[in-house]
Structure formats: structure tokens, C-alpha cells
Amino acid sequence: MSQETLISQLKEKFPEAFLDITEFVGEKILHLKSQNILLVLTALKSAGYNFLADLTAIDNLTLGGFERFAVSYHLLCHETAERVTVKAYVSEEKPTLPSVESLWKTADWQEREVFDLYGIIFEEHPDLTRIMNPDDYEGYPLRKDYPRLGRKERDDFPVVDRGIQKKKPLE
Amino acid sequence: MNRVTEQPIETDKMVLNFGPQHPSTHGTLRIIMELEGETVTKATPEIGFLHSGFEKLGEDLDFNQYITITDRMNYLSPLCNNVAYALAAEKLMGLKVSKRTEYIRVLMCELSRIADHLLNVGMLAVDLGAMTAFLYGFRLREDIYDLFEIATGTRLTTSYTLVGGLMRDIPDGYDKAVIKVLDDTDEVANEIETLLNKNRIWQDRTKDIGIISKEDAISYGISGPMARASGIDWDIRVNEPPYSSYEDFDYDVAIALNGDVFDRYLVRMEEVRQSIKICRQSLDKMPTGDVSLDPDLGFSLPPKDEVYNSIEGLIYHFEVTMPNRGMTPPVGEAYVPTESPNGELGYYIVSDGTRTPYRVRTRPPSLMNYSIFSKLIEGHMLSDAPAILGSLNVIAGELDR
């Protein structure tokens, strides 16, 4: 089954899940609503897309999109050597979507990473804790409203006082 | 396995901290192991000690500046990272680089693969007590790093590629230096295999240790030599053309079926031999031509010679590098998978049409390869932990980014 027919079949089967289908530099991108993501990915997996190459997220704050966050899944079909990108849109107010750890074990750590850096919550994930940052870290560093430059965050860290007077932070 | 006593000796459960500073972690990894006697019953890896916010940094640097950051990810084969990132950026912008650029990139990637695999096999050997194989591999790795230094100017932080080309062409007579090192590599590969392949201790320590089944390999997202050692016939160089002119070369893909530490070692050694073949072919067939795009297109930097000696070159240089000018990619996104020595190294670039990427994601093979560790070590002895860890080739810089 070619990719085109598979996608049109999926669209027929889950019409309420699809927001849009786009193509850029030869890559098909399926834009989906987040609550239907598990169903569509299960269907894709049984259709041959057996390898979850990558799972990550994008903060659409200034880029624009259907919702604030997009969780993107890069799937690979070993048989036909085709790849497809699936994007699930998650709102800012309720950043939750179902975990795909039951389909691919590799999603375990990758979803933890997305949770750590974006604060997106994956429901029914076995152990959703921070993976890169310390457990008591506050904020989600890869969000666009988290500053790249500036001294605010650094000054918020507790300082080990060794008897040296702390300099006042620059205004 | 022969035990001294038939009756198991009952012991209390013991919790052991393996790392973050341990000679066989080769980086900062921490594993909390629960032991019963010497058998590991549960292992919880903890990562993130080297997390440096590379992906966040990518949103603030322009496309060419970020190449210096990719060096720091997999610091054993930085050229593969450079090439992977350049390929992703070129796919996003729809640029087609010259044939000579692609061939030089292939040559550099394969030399990196040889260096990476030899170091990995050597480290695995030295963790298991075989010092000689490590020394053979490490000495040759220095020779390969010398080759990198000749071409790029540095051993480790190469930053050799640019979007749309290379920083500079390889110097005259480079092929002679490469061929000498390749001849040495042939010998060293033979010597390492003579030392290890039929060594009783080596076989006892590596065979049937840390077996990854085919299904597990797919489920855990394992790629590269580790997946091929588990019988998955998948190599991005062969299966997903076009990929930087790899389709012009004649080589085989090494596959093993058992998926244990020994097979992963065998696959890596065979890949070294195949990489030698590719390197020789790329030198033989090296096309002539430029290694950078026409500066008029506004993507690639003009040669340094022109920048310093002519006003036009200087203007073109500023056109590309100034904050309010620079390259303007289309709005969109591209994911490019490449076959790095560790597995599928992918770069996912989202662009909003400005000179800095909107989002740069690295798909680090080490993260996926390491995530299966706790499953592999369960039920094995504590002394197998360095063997399994060594065969995964976890690079902490890439793991944590």
C-alpha cells in the first residue's frame, strides 16, 4: 500500500482526528488532534510504520499553528523505507495527551524529555519524571517564553555562601 | 557456569551506585543498581549530568554558527554531526551541493566511523581487561585525528561543514596521507581481531551477554550497528537514498544474528573494514570542482582568500553573516536521518523564515540505545555491567545535549 492511499484511508477512518495534511520538501506531515493520537498511531503501526524514530515537541508561540504546542512523531516503515511525520496539537491550558509508551518502549524516555523541557503531560506514562534537569527544577526551558539570555534564572538558584558577600545583580 | 557451592548463599539486598564518576562509564552516567549477591536485580539509569541546553542554544544561533555546537554532541565523531546538520539545513533550504563536497563528506564520515568504532572496541576491551587491543586502536585513532587536523585545522571541534558546502577543500596530497592510514587500519583491524576473536576470556565475557532481540530493538528505537547485530537489515546509507552520494559506492552491510555483546563487536569490526573500502573508493573517484555554492545565492560564505583580498568578497561575507541580512530559509520543517557510527542521527529543523532556526532537535542515537540498558543488565552479574555499557557506546555529550 502506498503512503498516499494509506493516509487517505486513515482520513476516512478517523475523520474527526485530522486537522490538516501538508507536504514540505517531500515529507508528508499529518496534523492531528491530540486526543485521537493513540488510535491513529496504532493504525499506522499496524500498517507497517513500525519504528518510532523520534518524538519531540515544538512550541508554536510565535510560529503559529493549531494550538500552542505540537508533539511530533517521526515514523519509519522498514519495509518500504518511507517516513511520515505526525504532529499532535496540544493546548496551552491543558497540555495533556495520551502516552504511546504502550506502542513503542522508546517513547518512555523521549516523552520524559518532552515533559521535562516543555511541560507537556503524557497520560498513563509509567514514570513521568524529569530526565535532563534536576527533579526540583522549576520552569520548562524549551518553551519560547523561557528566556535564552539574561540573568534571571541564574540569580534564582540558591547560592552556596562561603562568607563572600554576594554582588548585587545588574539592573 | 561452575559454582563453588551448589547451595545459593543468601544475602541481603544491596544498593550500589555505579557512577556518575566511574572509569567504565566514559562520561557522566549514573546507574542505581540493586544487587542480590553479585546479580543485578534492578538497574535505574539516571542521565542529564551533561545537559547543556544545546537545543535551546540553537534557537539563538544562525545556521552556520550552530555547526560549532554540533561538534560537542558526539565528540568521538564530530564530523558525522557536522555533516548531518548540514544535510538537514540543506534539505530545508532546498540546496544541492557539488559532487566533490559530497565525496569529501563521505570520506570524512567514514574516517570518523573507523575512529569511533576502533575506540569503542578498544574501550570495551580495556574495560574487560584486554589492554593490548585498546592500545592498537587508540594509536591508530590518533593518526586519523591527525588527518582531521590536516583538513579541518582541529582534532575534535572540527566544524568542517557549512550550509551548502565545506569550510575549505582538502589539501593537495591528502589522498596519500589517507591511504597510508587506511593501510595501517587494515593491519590494526586484523591485529585486534587476532587478539580478541578466539580469545577464551573475551568470548566468555561477551557471548550471550546483553542479548537484544529483534522485536526489542525495534520497540526501543535502537539503530545502527546495535540494531544490525540483532539481525535488522537496515542501514540508512543503503536503504534511504539519496544520502550524500553513498549510492555511488560499493560496500556491504554487516549483520549479525545473536544480538549479544560479541556480535555487536563483530559488526563494528566489519564496519571498519567496509569503511576502509568506501574511503578508498571515494579517493579513487574524487571529482574535481568547488566545495561551496556560488556566494551569489546568499547561502554560503565566500572563500577566506577572497574575503581578505577583495572588496566584493568582503561584501558577500557580510551579506551572509550580518544579523539583519543572512540566509533566508523557507517556512517549513525538515527531518534528515543519517547513519552515524552510533546509529540514526537525525536533525529536525523547524524554520519560521528568519536567519535563526525556530527549533533544532537532535535525534541522539545514544539516548535510544541507552534506554534499553536496564532491561539488558537485569539478571546478569555486576561484572557484566561494563561489558554491556561498553557495547552500547553511550556518548554522554550526545545523550544529554
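Colleague: Which pattern of helices and strands does chain A follow, read along the sequence?

Modeller: Chain A of this predicted model runs α-β-β-α-β-β-β-β-α-β-α, with four helices and seven strands, each being a DSSP run (H or I of at least four residues for a helix, E of at least two for a strand) numbered from the N terminus. Residues are numbered from 1 along each chain as its sequence is written, and chains are lettered from A and ligands numbered from 1 in the order written. Local features need pLDDT of at least 70 and side-chain atom pairs pLDDT 80 or more, while totals for chains, interfaces and linings use all residues.

Colleague: How many of the residues of chain A count as buried?

Modeller: Of its 171 residues, 36% are buried, that is, they have 20 or more other C-beta atoms within 10 Å of their own (12 or fewer would be exposed, in between partly exposed; C-beta atoms are placed from the backbone). As for contacts (C-beta atoms within 7 Å), residues 24 or more positions apart make up 50% of those in chain A with a separation of 6 or more.

Colleague: What puts the buried residues of α2(A) on the same side of the helix?

Modeller: In helix α2 (residues 37-46) of chain A, the buried residues are I37(A), V40(A), L41(A) and L44(A), and they cover an arc of only 95° around the axis, so they lie on the same side of α2(A), the arc being taken from the directions from the axis to the C-beta atoms. An α-helix has 3.6 residues a turn, so residues three or four places apart point the same way. Among the elements that cover these residues are α1 (3-13), β2 (27-33) and β4 (69-77) of chain A, and just after α2(A), G48(A) takes a positive phi of about 120°.

Colleague: Why are α4(B) and α5(B) called roughly antiparallel?

Modeller: Helix α4 (residues 99-127) and helix α5 (residues 131-152) of chain B pack at about 155°, with their axes 8 Å apart, where axes are lines fitted to C-alpha atoms over the stretch in contact and angles run from 0 to 180 degrees between N-to-C directions. Angles over 145 count as roughly antiparallel (under 35 parallel, 65 to 115 perpendicular, the rest oblique), and therefore α4(B) and α5(B) are roughly antiparallel. Residues of α4(B) including L111(B), I114(B) and L118(B) meet residues of α5(B) including F134(B), F138(B) and R141(B).

Colleague: What makes up this contact of α4(B) with α5(B), by class?

Modeller: The contact has 17 nonpolar, two polar and one charged residues, with Ala, Val, Leu, Ile, Met, Phe, Trp, Tyr, Cys and Pro as nonpolar, Asp, Glu, Lys and Arg as charged, and the others, Gly among them, as polar.

Colleague: At what angle do α3(B) and α4(B) pack?

Modeller: The angle of α3(B) and α4(B) is about 140°, with axes 8 Å apart. The contact is made by L79(B), C80(B) and V83(B) of α3(B) with R105(B), M108(B), C109(B) and S112(B) of α4(B), which comes to five nonpolar, one polar and one charged residues.

Colleague: Why is helix α16 of chain B described as largely enclosed?

Modeller: Eight of the eight residues of α16 (residues 385-392) of chain B are buried, so this helix is largely enclosed by the rest of the structure. The buried residues include P386(B), I388(B), L389(B) and G390(B), and just after α16(B), N393(B) takes a positive phi of about 55°.

Colleague: How many residues does each chain bring to the contact between chain A and chain B?

Modeller: Chain B brings 36 residues and chain A brings 26 residues. Elements of chain B that give two or more residues to its side include α3 (78-93), β6 (332-340) and β7 (343-351), and β6(B) gives the most, with five residues. By class, this side of chain B has 13 nonpolar, ten polar and 13 charged residues.

Notes:
Two residues are in contact if their C-beta atoms, placed from the backbone, lie within 7 Å.
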